[in-house]
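Visitor: I've got the sequence and the structure open side by side. Could you walk me through them?

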Amino acid sequence: METERARTDRLGLLLDQFDKAREMAQVRLTGLSDEEYRWEPVPGSWSIRRRGEAATPRAFGPGEWVLDLGAPDIPANEYAEVARQAAGGMSVAKIADDWSVSVERVEQILAHTGAPEPDATLVTTIAWRLGHLHFQFAGGWEWAFGERLQDPKLMVDFSPSAALTLERFWAVIDRWRDSVAAVTDEQLDTVGFSQYPYGSDPDDPFVAVLAGANLEFIHHMAEIALLRDLWRARLTTPG
């Protein structure tokens, strides 16, 4: 029996990576309960909350449940990305606009003088991680393959139900994957093929957007996997 050979073209590599990550993530999310989905590892963790109970100033969503979002800033783990953007020729003003911060804030970070204060609310729930990925991939599809009209932050009706969230989430992920599979080499090289309004997509070739989407999916799913491990460990840890 002949073993299927791995694809080596650009799109094939990205699709194979995404498919494997999706397969692993779906297995890892099997059996997710509502309680675990919204479990806060520390008090004040970012999560989904009823609109009237939102504790963060920029929580968003179109319905009763909203996704936490704090005051505009650039997380410390993104400082290297800011430096990369600046080194690649992106203006400080454009970087500031992408991150919804002031030009002065970007200049502080580039000068290594802008370390943020520790903030416990930067810890998140599984609900937050899934909601974050959900609206990004829903918006990513809309602004690359759709009508490019809807605000990504208003496209996902967040839910306290883990089962309903996953059903809706996988449908969005599969639609993204099916559309990406039909992209041509010319479209991969097209700068601005995606006009996603939050970030640098309009300034990047689409192949870079796809690579970034894969990384976004992989790193958030890894964090969700860790949260599931911590959830189980809390039942067996003495004390």
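Visitor: At about what angle do helix α6 and helix α7 pack?
Guide: Bear in mind that this is a predicted model. α6 covers residues 126–144 and α7 covers residues 162–181. Their axes are 9 Å apart, and the packing angle is about 35°.

Visitor: Is the crossing of α6 and α7 left-handed or right-handed?
Guide: Look at how α6 passes α7. That crossing is left-handed.

Visitor: How do the residues of that contact divide into nonpolar, polar and charged?
Guide: On the α6 side you'll find L130, L133, H134, F137, A138, G140 and W141. They meet a set in α7 that includes L166, R168, F169, V172 and R175. Sorted by type, the residues of the contact come out as two charged, four polar and ten nonpolar.

Visitor: Which residue has a positive phi although it is not a glycine?
Guide: Go to the loop between α6 and α7, where R148 is found. Its relative accessibility is 29%, and since partly exposed means between 20% and 50%, R148 counts as partly exposed. Most residues other than glycine have a negative phi. The one with a positive phi, about 60°, is R148.

Visitor: Is F206 buried or exposed?
Guide: F206 lies in helix α9, residues 206–233. Its relative accessible area is 0%, and the cut-off for buried is under 20%, so F206 is buried.

Visitor: What does F206 touch, not counting residues up to four places away in sequence?
Guide: Among its contacts are A144 and W176, and those two belong to stretches you've already met: A144 falls in α6 (residues 126–144) and W176 in α7 (residues 162–181). E167 is another matter: it sits 39 residues from F206 along the chain, with 27 Å between the C-alpha atoms. The full list for F206 is A144, F145, W176, V183, Q187, L188, T190, F193 and S194.

Visitor: And E36, which residues is that in contact with, leaving aside its neighbours within four places in sequence?
Guide: E36 lies in helix α2. At 3% relative accessibility it is under the 20% cut-off, so E36 counts as buried. Its contacts are I126, R228 and W231.

Visitor: Is P43 buried or exposed?
Guide: P43 has its place in the loop between α2 (34–37) and β1 (48–50). From P43 to A93 is 50 residues in sequence and 36 Å in space, C-alpha to C-alpha. With 75% relative accessibility, and over 50% being the mark to pass, P43 counts as exposed.

Visitor: Stepping back, how many helices and strands does the protein have?
Guide: Read along the sequence, the pattern is α-α-β-β-α-α-α-α-α-α-α. Tally that up and you get nine helices and two strands.

Visitor: What is the radius of gyration of the protein?
Guide: The globule rule gives 18 Å for 239 residues, and the protein comes close to that, so it is as compact as a globular protein of that length. Along the principal axes, its C-alpha atoms fill a box of roughly 60 × 55 × 35 Å. The radius of gyration itself is 19 Å.

Visitor: What share of the 239 residues is buried?
Guide: The accessible surface comes to about 12,900 Å², with 55% of it belonging to carbon and sulfur atoms. Among contacts between residues at least 6 apart in sequence, 67% join residues at least 24 apart. As for the buried residues, their share is 42%.

Conventions
Residues are numbered from 1 along each chain as its sequence is written. This is a predicted model: local features need pLDDT of at least 70, side-chain atom pairs count only at pLDDT 80 or more; totals for chains, interfaces and linings use all residues. Side-chain values use heavy atoms; hydrogens and water are left out. Axes are lines fitted to C-alpha atoms, for helices over the stretch in contact, and angles run from 0 to 180 degrees between N-to-C directions. Helices (H or I, at least four residues) and strands (E, at least two) are DSSP runs, numbered from the N terminus. A crossing is left-handed if the near helix is turned anticlockwise from the far one by less than a right angle, and right-handed if clockwise. Contact means heavy atoms within 4.5 Å. Ala, Val, Leu, Ile, Met, Phe, Trp, Tyr, Cys and Pro count as nonpolar, Asp, Glu, Lys and Arg as charged, and the others, Gly among them, as polar. Buried means under 20% relative accessible area, exposed over 50%, partly exposed in between (1.4 Å probe, protein chains only). The radius of gyration is taken over C-alpha atoms; the globule rule is 2.2 Å times the number of residues to the power 0.38. Accessible areas come from the Shrake-Rupley method with a 1.4 Å probe; for residues, only the protein chains shown count as cover.
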